[in-house]
Protein chains: 2
Amino acid sequence: MAKDKKMVEQITSMDVDFAQWYTDVVTKAELIDYTSVKGCMVIKPAGYAIWENIQKELDARFKETGVENVYLPMFIPENLLRKEAELVNGFAPEVAWVTQGGEEPLQERLCVRPTSETLFSDFYKNDVQSYRDLPKIYNQWCSVVRWEKTTRPFLRSREFLWQEGHTVHATYEEAVERTEMMLNLYADFCQDVLAIPVVRGRKTEKEKFAGAEATYTIESLMHDGQALQSGTSHNFGSKFAEAYDIQFTDRDNKLKYAYQTSWGMTTRMIGAIIMVHGDDSGLVLPPRIAPVQAVVVPVQQRKEGVLEKAQELKDVLAAAGIRTRLDDSDKSPGWKFAEAEMRGIPIRIEIGPKDMEAGQCVVVRRDTREKTVVALNELGTKAPEILAAMQQDMFERARVHRDEHTFTAPNKEEFQKLTSGRPGFIKAMWCGERACEEAIKEEYGVTSRCIPFDQEHIADECVYCGKAAKHMVYWGKAY
Amino acid sequence: MAKDKKMVEQITSMDVDFAQWYTDVVTKAELIDYTSVKGCMVIKPAGYAIWENIQKELDARFKETGVENVYLPMFIPENLLRKEAELVNGFAPEVAWVTQGGEEPLQERLCVRPTSETLFSDFYKNDVQSYRDLPKIYNQWCSVVRWEKTTRPFLRSREFLWQEGHTVHATYEEAVERTEMMLNLYADFCQDVLAIPVVRGRKTEKEKFAGAEATYTIESLMHDGQALQSGTSHNFGSKFAEAYDIQFTDRDNKLKYAYQTSWGMTTRMIGAIIMVHGDDSGLVLPPRIAPVQAVVVPVQQRKEGVLEKAQELKDVLAAAGIRTRLDDSDKSPGWKFAEAEMRGIPIRIEIGPKDMEAGQCVVVRRDTREKTVVALNELGTKAPEILAAMQQDMFERARVHRDEHTFTAPNKEEFQKLTSGRPGFIKAMWCGERACEEAIKEEYGVTSRCIPFDQEHIADECVYCGKAAKHMVYWGKAY
């Protein structure tokens, strides 16, 4: 029974050390492994299967809005990157450079893409000639590289997986519409599928993406009260079009610059799932994103008929559209329970000789550990209901937690108090000046997360300088 | 009507210049575009959609055999690569090296993965401890880089997309079984889905993958009689396990080296589809892999009811599970026909006022241009039948072409004649000596494609040296 070398070991409590808890969960739930390549990780089957589900969900939603997938090279010639000066200033300090190909040094260095605005622009320059060629709504699923100094699995690694959408339009309005559409798509996806509530808003000038006219963002709050930027959508106006000469002949026969957007979501969302929903027993996966949604655990599986019945229940659940696994290994039931909890499997179904006699099984929810006795002939209808309720409850709990950790600072004293208290979102007024934003970061250790689309009037003056306020801003410590 | 800037331009005839025909098709069917990055290409929506279908089909087949997907870093530290000397000799001349990360030179160079045996081995070394951890049947979908000097879209580019499976087993037999299983999976996929017949066999020592104990391959024949290696599956025995120290405690409590395999298929298969099935009007896509399987083209679409009826037919086809597009653009029907042919859409459905009156439409097959008049109320059942017949016929035609271009050389004179005649597979006996293989390449310009599993006895002696023959070999010119 307990002869396995690997034990379902105790993980650090999140209240004791949240960072260590996170590291314990990502490794013990077997989501990742460290590698010989500093700052890069192996995404193991349990982690990658979550990413595959994220891809499947997002990709289907993208395609409904007319997105087409493409693939562009992973290398960007230095010369091309330098064309857009702002972008270079943004990324140059953190790119990896290829300087040698085969046995010869390259005449021009190539950077491994940190993002692909430059390549898409260079491509669109030739691909777009007439208004008839517009819009182009392209996306690619790929990996990108940013040479980060400090890294953490999923949250910040030198290489990560993402999708990057890059679109080009004939009008400014259409570009704005697409930027908003994709932000809303991300927000709906986070809320409906990942059970993560988000705040939608705009980044300040200081925090926006290098080269963008406007960056929209969704911000979520982790269990420890720190914020996580969870998806961004950028409106470039015609800035890149001018730098890369993307012109088209419009209906009026005039040559015009095109308008562009880009938008991305990354494997860091796996980190968000862990930090929003996890607990001291490990991962808790929202049913809609869980690679395995139900595990059937036979109790006293050597007794006659138990394994057969367990297999039967597995088939019933699969027929109900639930991704199900049967754990018929020779480990003890207690061990199997702990392992399924560590891996965050939404429900487990216990079935033993006594249950069989009573014509029932026990369904246990991972999030609340609530046990429901279900008649065997009702499992196929009850299990989906329990999963749906769990999905809803997980979102509600995350929303309540987020709301309980969202504070309002009408003045500087309150702001100071809140920034030194337990972390969370802090809503406060801001004059719109970069100097104030920088001073706030310097003095209070928080950054502007976003200027939310849903504005509230908290006070008349900037919380820092006292001048007339322009915006209400969400502030916080961020991953 | 014909005001569009882009014309469906004449493409070079394949009989005049096959290479130019190929280039014309990949660009005019809008599969790829060239980029500022030498040797790298943009895979455009029409090309990437084919790859997505290949991925979907292969991935589902993989998973049925127990494959789990993972993701490993794209970088390999030089030191790690050098551990397996044979592999380094194989790939060192053609890798891209990252020497700078951010603003500082790296202490150790990183190569951009040309393939990931070294990384998987380094990972398995820690991940595998006991026989209970085995087997691991992992795969990743990613891009790889090989610094080729001469490149051609899909067939040979500096960066390409592929899947690479890497497995580790407790016994040699299990590794052999997996190597064969994946080769057969590739062969079935090529034949059933891509309508491409393949020869299954083993590579010679000279042609096998660096570091492999045995490389199995499927070889297909292009329209011009040149061969294309279409998928490979490698058995490494315990060679990598010994180099990277992958040991496990077996049931008998002894420490043993594990056994490994790897296997891959790439975007070059898109090149194979083009070169096996294409014709002088452009691409011809086998229905099962075609992103768009049917295009509905309204004739006299401004006449009352035509567009509505065309939309109705599109819905009927979609309901029958056929991926369908309606071309209601303002181009002329002739233009639309040519464009649909260029893009290789398997069937087009023509519907105009006269057809409507007669209660029928015309279905035209892309491969044979055969026209079938179909009653409107039968389209939903007839169209799938026509597509199924087309898929089958395309395979048969490719098989006949392959067989007609497979020649037998019982002796040196015949071999010499065949190698200087029209290209194709040449079956001939071989003594098994590398020297003979090299001399044949040198003198006759053909390489050994494989030692087919289905052996035939053509003669007693090696076609080159006259010594006792060991194997019958397929020889040919290859891409």
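## Chain contact and sheets in a predicted model

Between chain B and chain A, 23 residue pairs are in polar contact, both residues of each pair having pLDDT 80 or more, and this count, like everything that follows, comes from a predicted model. On the side of chain B that touches chain A, the largest share comes from strand 5 (residues 96-101) of chain B, which supplies 6 residues. Sorted by class, that side of chain B consists of 28 nonpolar, 9 polar and 19 charged residues.

The contact as a whole draws 56 residues from chain B and 57 residues from chain A. The size of an interface is often given as the accessible area lost when the parts come together. For chain B and chain A, the area buried between them is about 4,800 Å², with 60% of it on carbon and sulfur atoms. There are 6 salt bridges between the two chains, chain B and chain A, and the side chains of B:D330 and A:R132 form a salt bridge with an N to O distance of 3.7 Å.

Strand pairing also crosses from one chain to the other, since strand 5 (residues 96-101) of chain A is joined to strand 5 of chain B by 5 bridges, with the two strands running antiparallel. Within this pairing, A:Q100 has B:W97 in strand 5 of chain B as its bridge partner.

Turning to chain B itself, 11 strands make up an open sheet of mixed pairing, in the order 3-7-8-14-11-10-9-22-23-21-20. Its edges are strand 3 (68-69) and strand 20 (406-408) of chain B, each of which pairs on one side only. Inside this order, strand 10 (residues 214-221) and strand 11 (residues 227-237) of chain B run antiparallel and are joined by 8 bridges, and B:S220 has B:L228 in strand 11 of chain B as its bridge partner. Helix 8 (residues 268-277) of chain B packs on the sheet, where it touches strand 10, strand 11 and strand 14 (259-266) of chain B. Helix 14 (residues 434-444) of chain B also packs on the sheet, touching strand 21 (425-430), strand 22 (447-452) and strand 23 (471-476) of chain B.

A further open sheet of chain B has 5 strands in the order 16-15-17-18-19, again with mixed pairing, and its edge strands are strand 16 (324-326) and strand 19 (371-375) of chain B. Neighbouring strands of this sheet are turned against each other by 25° on average, direction ignored. Strand 15 (residues 294-298) and strand 16 of chain B pair in the parallel sense over 3 bridges, with B:L326 in strand 16 of chain B as the bridge partner of B:V296. Helix 10 (residues 333-342) of chain B packs on this sheet, touching strand 15 and strand 17 (347-351) of chain B, while helix 12 (residues 379-404) of chain B touches strand 17, strand 18 (360-365) and strand 19 of chain B.

By contrast with the parallel pair, strand 18 and strand 19 of chain B run antiparallel and are joined by 5 bridges, and B:V364 stands opposite B:K371 in strand 19 of chain B. These two strands, 18 and 19 of chain B, form a hairpin with 5 residues between them, and B:R369 in the turn has a positive phi of about 65°.

The directions of the packed helices are set out below.

| Helix of chain B | Strand of chain B | Angle between directions |
|---|---|---|
| Helix 8 | Strand 11 | about 145° |
| Helix 14 | Strand 21 | about 145° |
| Helix 10 | Strand 15 | about 170° |
| Helix 12 | Strand 18 | about 15° |

Terms used
Residues are numbered from 1 along each chain as its sequence is written. Chains are lettered from A and ligands numbered from 1 in the order in which they are written. This is a predicted model: local features need pLDDT of at least 70, side-chain atom pairs count only at pLDDT 80 or more; totals for chains, interfaces and linings use all residues. Side-chain values use heavy atoms; hydrogens and water are left out. Contact means heavy atoms within 4.5 Å. Buried area is the accessible area (1.4 Å probe) that two parts lose on being put together, summed over both. A salt bridge is a side-chain nitrogen of Lys or Arg within 4 Å of a carboxyl oxygen of Asp or Glu. A polar contact is a pair of N or O atoms within 3.5 Å; within protein, one must be able to donate a hydrogen and the other to accept it, and residues adjacent in sequence count only if both atoms are side-chain atoms. Helices (H or I, at least four residues) and strands (E, at least two) are DSSP runs, numbered from the N terminus. Ala, Val, Leu, Ile, Met, Phe, Trp, Tyr, Cys and Pro count as nonpolar, Asp, Glu, Lys and Arg as charged, and the others, Gly among them, as polar. Two strands pair if DSSP finds at least two bridges between them. Axes are lines fitted to C-alpha atoms, for helices over the stretch in contact, and angles run from 0 to 180 degrees between N-to-C directions.
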